[in-house]
Amino acid sequence: MIDYKDSGVNIDSGNRAVELMKAHVKKTYTEGVFGDIGLFSGGFSLREFKDMEDPILLASTDGVGTKLLIAQKMDRHNTVGIDLVAMCVNDLICQGAKPLFFLDYIGADKIIPERIEKIVEGVANACVESGCALIGGETAELPGMYAKDEYDLAGFSVGIVERKNIIDGQNIKEGNVVIGLKSSGLHSNGYSLARKLFLEVLKMDLEDTFPGTDSKVGEVLLTPTKLYVKTILYLIEKYNILGIANITGGGLVENVPRILPEGLTAKLEENTWEKPVVFDEIISSKLVERDELFRAFNMGVGMVLIVDREKAEEIVEDINKNTSDTAYIIGNIVKGEEVSII
């Protein structure tokens with residue numbers, strides 16, 4: 001006689017993981033949450049938005065990528081949940097949507113309840129900071145699908161925006177100014193290249209001290225993705241933001257053009273913004289071509305705003321004075337096809 005546990009699936013561990021995460025999930029609940037954890041689906045009421053003329057729901061999904069391998073090797077799991085939420089909600093706010101709710105998926109070779117709790121703790125903390133509710137998810141124990149101690153994450157977020165207020169970049173014109181919001185580090189992109197550079201080519205150990213810091217290499221590489229929700233929602237209430245781009249895979253050179261009208265591009269000046277220390281080390285290694293750096297990494301700019309020239313300095317000053325973000329004027333919108341970084 002054999003049972004499910006003999007095949008590698010421990011139902012009791014899955015149930016314990018759910019019990020451990022309940023407190024973290026409930027702290028994210030907002031007024032719109034309908035139902036409770038344990039039901040077959042998560043519910044969210046739109047009653048508070050009944051005064052909107054033409055509400056549009058926007059949705060985003062993403063993962064964390066091979067940054068998870070760093071977390072698994074370090075056995076530190078309380079930050080990757082922040083990355084998961086950030087990669088989704090930072091996309092939503094590019095069109096001016098207020099995040100409403102979030103769902104997660106965790107697939108692992110083995111359910112270790114305390115590890116799952118740490119992951120969900122990060123998810124919940126990021127949801128609280130972003131003002132959205134964690135209303136559901138799935139934890140799957142899949143022996144044979146993943147290597148020992150490996151897991152993968154996927155996230156799904158939904159937001160709401162008034163149709164007339166959607167930010168789509170269609171009013172961007174030549175002469176507009178590009179504002180960059182500082183990134184916290186690599187965020188959650190380019191980790192296959194970063195791991196190869198630091199761990200294989202430069203032979204760094206995750207427990208080594210990262211050059212120029214008092215932190216371990218692994219800690220620097222696990223720095224969570226910056227959440228920009230509060231800052232962007234604050235700005236769109238006060239200013240006419242013409243376009244917003246989340247700088248993820250593809251970097252500045254591929255993400256900024258996504259919001260620009262045909263025939264326009266951006267001319268950026270690299271010396272106008274400060275880079276986190278991880279990029280200084282990548283650059284000083286002289287092992288990656290400059291063009292590749294700006295395609296693989298955010299290079300210190302995690303979010304881009306396009307605004308009218310007359311308001312640019314005021315907006316930057318407002319961000320630096322009244323939010324947790326750091327902003328720089330990093331370039332202009334010009335005629336052309338390809339982003340240039342000088």
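**Exercise 1. Describe the surroundings of threonine 265 in this predicted model, starting from the contact that its side chain makes with valine 339.**

Step 1. The side chain of threonine 265 comes to 3.1 Å from the backbone nitrogen of valine 339, and this is the place to begin when you look at the predicted model.

Step 2. Next, locate the residue in the fold: threonine 265 belongs to strand β9, which covers residues 264–268.

Step 3. Now list the neighbours, leaving aside residues up to four places away in sequence: threonine 265 touches Leu260, Asn332, Ile333, Val334, Lys335, Gly336, Glu337, Glu338 and Val339.

Step 4. Finally, decide whether the residue is buried or exposed. The relative accessible area of threonine 265 is 3%, and because buried means under 20%, threonine 265 counts as buried.

**Exercise 2. Work out how isoleucine 112 should be classed by accessibility, and state where it lies.**

Step 1. Isoleucine 112 is found in the loop that runs between β4 and α4.

Step 2. Its relative accessibility is 26%, and since the partly exposed class lies between under 20% for buried and over 50% for exposed, isoleucine 112 is partly exposed.

Step 3. To relate this residue to another part of the chain, take glycine 212, which is 100 residues away from isoleucine 112 along the chain, and note that the C-alpha atoms of the two are separated by 35 Å.

**Exercise 3. Characterise the interface between domain 1 and domain 2, going from the whole to the single residue pair and then to the side of domain 1.**

Step 1. Begin with the division of the chain, in which domain 1 spans 4–165 and domain 2 spans 176–341, while the centres of the two domains, taken over C-alpha atoms, are 25 Å apart.

Step 2. Then consider the extent of the interface: 27 residues of domain 1 are in contact with 30 residues of domain 2, and the two domains bury about 2,500 Å² between them, with 68% of it on carbon and sulfur atoms.

Step 3. Turn to the polar features, where the count between the domains is nine residue pairs in polar contact, and where one salt bridge is found across the interface. In a salt bridge, the side chains of arginine 76 and glutamate 219 meet at 2.9 Å, N to O.

Step 4. Last, examine the side of domain 1 that touches domain 2, to which α2 (67–74), α3 (80–92), β4 (98–108) and α4 (113–130) each supply at least two residues. The largest share, eight residues, comes from α3. Sorted by class, this side of domain 1 has 15 nonpolar, five polar and seven charged residues.

Key:
Residues numbered from 1 in each chain as written. Predicted model: local features only at pLDDT ≥ 70, side-chain atom pairs only at ≥ 80, totals over all residues. Heavy atoms only, no water. Domains from an automatic or database assignment. Contact = heavy atoms within 4.5 Å. Buried area = accessible area lost by both parts, 1.4 Å probe. Salt bridge = Lys/Arg side-chain N within 4 Å of Asp/Glu carboxyl O. Polar contact = N/O pair within 3.5 Å; in protein donor to acceptor, adjacent residues only side chain to side chain. Helix = DSSP H or I, 4+ residues; strand = E, 2+ residues; numbered from the N terminus. Nonpolar A, V, L, I, M, F, W, Y, C, P; charged D, E, K, R; others polar. Buried < 20%, exposed > 50% of the residue type's maximum accessible area, 1.4 Å probe, protein only.
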